[in-house]
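Work through the exercises below with the coordinates open beside you, attempting each task before turning to its solution.

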Amino acid sequence: MTSPASMVDWDLAGRTARKLMSPGPETTREEAAGVVRELHEAAATAVGHVEALTGMRPAPGGPVPEVVVVDRPGWVDANTSGMAALLDPLVEALQQKQDRRPGPLATAIGSRATGAQAGLVLSYLASKVLGQYEVFGSGGRLLLVAPNVVATERKLGVDPTDFRLWVCLHEVTHQLQFTAVPWLQQHLEGQIADFVAATDLSPDVLRERLQEVVRGLADAVRGGEGESEGLMALVRDPRQRAVLDRVTAVMSLVEGHAEYVMDGVGPDVVPSVRTLRKRFAQRRKGQGPLDRLLRRLLGLEQKMKQYADGRQFVGGVVDSVGMEGFNRVWAGPENLPRIEELTEPQRWVERVHGRPAITA
């Protein structure tokens, strides 16, 4: 899995994560089989509800999405492959661009150190992530992490059937976004290419900065405080910062859209949806390890806020121009929200629809 150009020994990252991750909740074999079965059923049920609420449909002739229920090691395996597919070509492009490669010894030492640190981060996330649509790597798969779903519903004290469908509504929305909007993945890949084109760092300097980032993430997982630039340590060129803003706006959109849908289906579909949202929101409050991790990862606490702003953006646009009007956001990259429009959705309505937004 680790190429000669890799800054991260992904095999070591996976082994480290498997060794350090906490075990899942105790279940009998029959209970575990029932969870897997119900998650598959919930994902299938969610498709119709998401399509009905959003008015979106998968593009004709596109790939048939695959739903995979995994355990924590399975999630780690999928993400080490996905991150390798995303990051390794970046390093290779930088090396080709500058026509220089670190020596094999430097590569081996650096990649193993970073791999161990990445494994620590993965070991933590492996017990937290409920679901994930794979955009990169083995794209097209929707992963549902069964032990984490069970652990969370038990901790929240909520109805398991409702919670499993509620989670699937969120993840199936992501699945639909990328199957109904084929250009979205290419757009994100293009942004990464733009990021590389704006990079004038040597691979050695980039490696050092990436190791600083991962060390900061590891400190956050352990509960450490202090200053950390996070990914912004890699992004000091104004052109790169502009790319990061565009990517942040896109990710805020897709996350906010999924949040809107999972609540928008209403109690007719998920009877305890209001209780779920209230208890899930309480779970997100405070400055727990995941909050610290994400703040470190993004470098600025304000960046984390922009993900919540995505929900505000979607709700504001739908209130103003309806779901059909909102769906113009998927017409092409030029219709994607700009970062400043996330908290002022009326500006997007004015730009895309050419008229002032209707406000209450």
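The exercises that follow treat salt bridges, a sheet with its helices, two helices in detail, and two residues with their contacts.

The model is predicted, so that local features need pLDDT of at least 70 and side-chain atom pairs count only at pLDDT 80 or more, while totals for chains, interfaces and linings use all residues. Residues are numbered from 1 along each chain as its sequence is written, and side-chain values use heavy atoms, with hydrogens and water left out.

**Exercise 1. Salt bridges**

Task: Determine how many salt bridges the model contains, and examine the pairs R18 with D77, R164 with E38, and E259 with R277.

Solution. Step one is the criterion: a salt bridge is a side-chain nitrogen of Lys or Arg within 4 Å of a carboxyl oxygen of Asp or Glu. Applied to the model, this rule gives eleven salt bridges. As background, side chains of opposite charge can pair when their charged atoms come close.

Step two takes R18 and D77, whose closest N and O atoms are 2.6 Å apart. R18 belongs to helix α1 (residues 10–20) and D77 to helix α3 (residues 72–98), so the pair ties together parts that are 59 residues apart in sequence; helices (H or I, at least four residues) and strands (E, at least two) are DSSP runs, numbered from the N terminus. For accessibility, buried means under 20% relative accessible area, exposed over 50%, and partly exposed in between, with a 1.4 Å probe and protein chains only. R18, at 41%, is partly exposed, and D77, at 33%, is also partly exposed.

Step three turns to R164 and E38, which form a salt bridge with the closest N and O atoms 3.0 Å apart. This pair links distant parts of the chain, with R164 in helix α6 (residues 160–180) and E38 in helix α2 (residues 29–54), 126 residues apart. R164 is buried, its relative accessible area being 8%, and a network of salt bridges links E38, E153 and R164.

Step four considers E259 and R277, whose side chains meet in a salt bridge at 3.2 Å, N to O. Because E259 lies in helix α9 (residues 238–264) and R277 in helix α10 (residues 273–284), the pair ties together parts that are 18 residues apart in sequence. E259 is buried at 13% relative accessibility, and R277 is buried at 18%.

**Exercise 2. The sheet and its helices**

Task: Establish the strand order of the three-stranded open sheet, and describe how α2 and α5 lie against it.

Solution. Two strands pair if DSSP finds at least two bridges between them, and the resulting open sheet has the order β1-β3-β2 with mixed pairing. The strands β1 (66–70) and β2 (131–133) stand at the edges with a single partner strand each, so one side of each is left without a neighbour in the sheet. From one strand to the next, the twist averages 15°; axes are lines fitted to C-alpha atoms, for helices over the stretch in contact, and angles run from 0 to 180 degrees between N-to-C directions.

The pairing of β1 with β3 (residues 141–145) is parallel and extends over five bridges, with V67 opposite L142 in β3. Helix α2 lies across β1 and β3, running at about 150° to β1. Helix α5 (residues 146–156) packs on the sheet and touches β1 and β3, its direction making about 45° with that of β3; contact means heavy atoms within 4.5 Å.

**Exercise 3. Helices α2 and α6**

Task: Compare the end-to-end span of α2 and of α6 with expectation, and inspect the surroundings of each helix.

Solution. The expected span of a helix is 1.5 Å times one less than its number of residues. For the 26 residues of α2 this is 38 Å, which agrees with the 37 Å between its end C-alpha atoms. Buried residues in α2 include G34, V35 and L39, and just after α2, G55 takes a positive phi of about 75°.

Helix α6 has 21 residues and reaches 29 Å from its first C-alpha to its last, close to the expected 30 Å. Of these 21 residues, 18 are buried, so α6 is largely enclosed by the rest of the structure.

**Exercise 4. Two residues and their contacts**

Task: Find which residues A59 touches and which R311 is in contact with, leaving aside those up to four places away in sequence.

Solution. A59 lies in the loop between α2 and β1, and touches T179, A180 and P182. The C-alpha atoms of A59 and V181 are separated by 7.0 Å, although these residues are 122 residues apart along the chain.

R311 lies in helix α12 (residues 301–326) and is partly exposed at 32%. Its contacts are G256, E259 and Y260, while the C-alpha atoms of R311 and H257, 54 residues apart along the chain, are separated by 6.3 Å.
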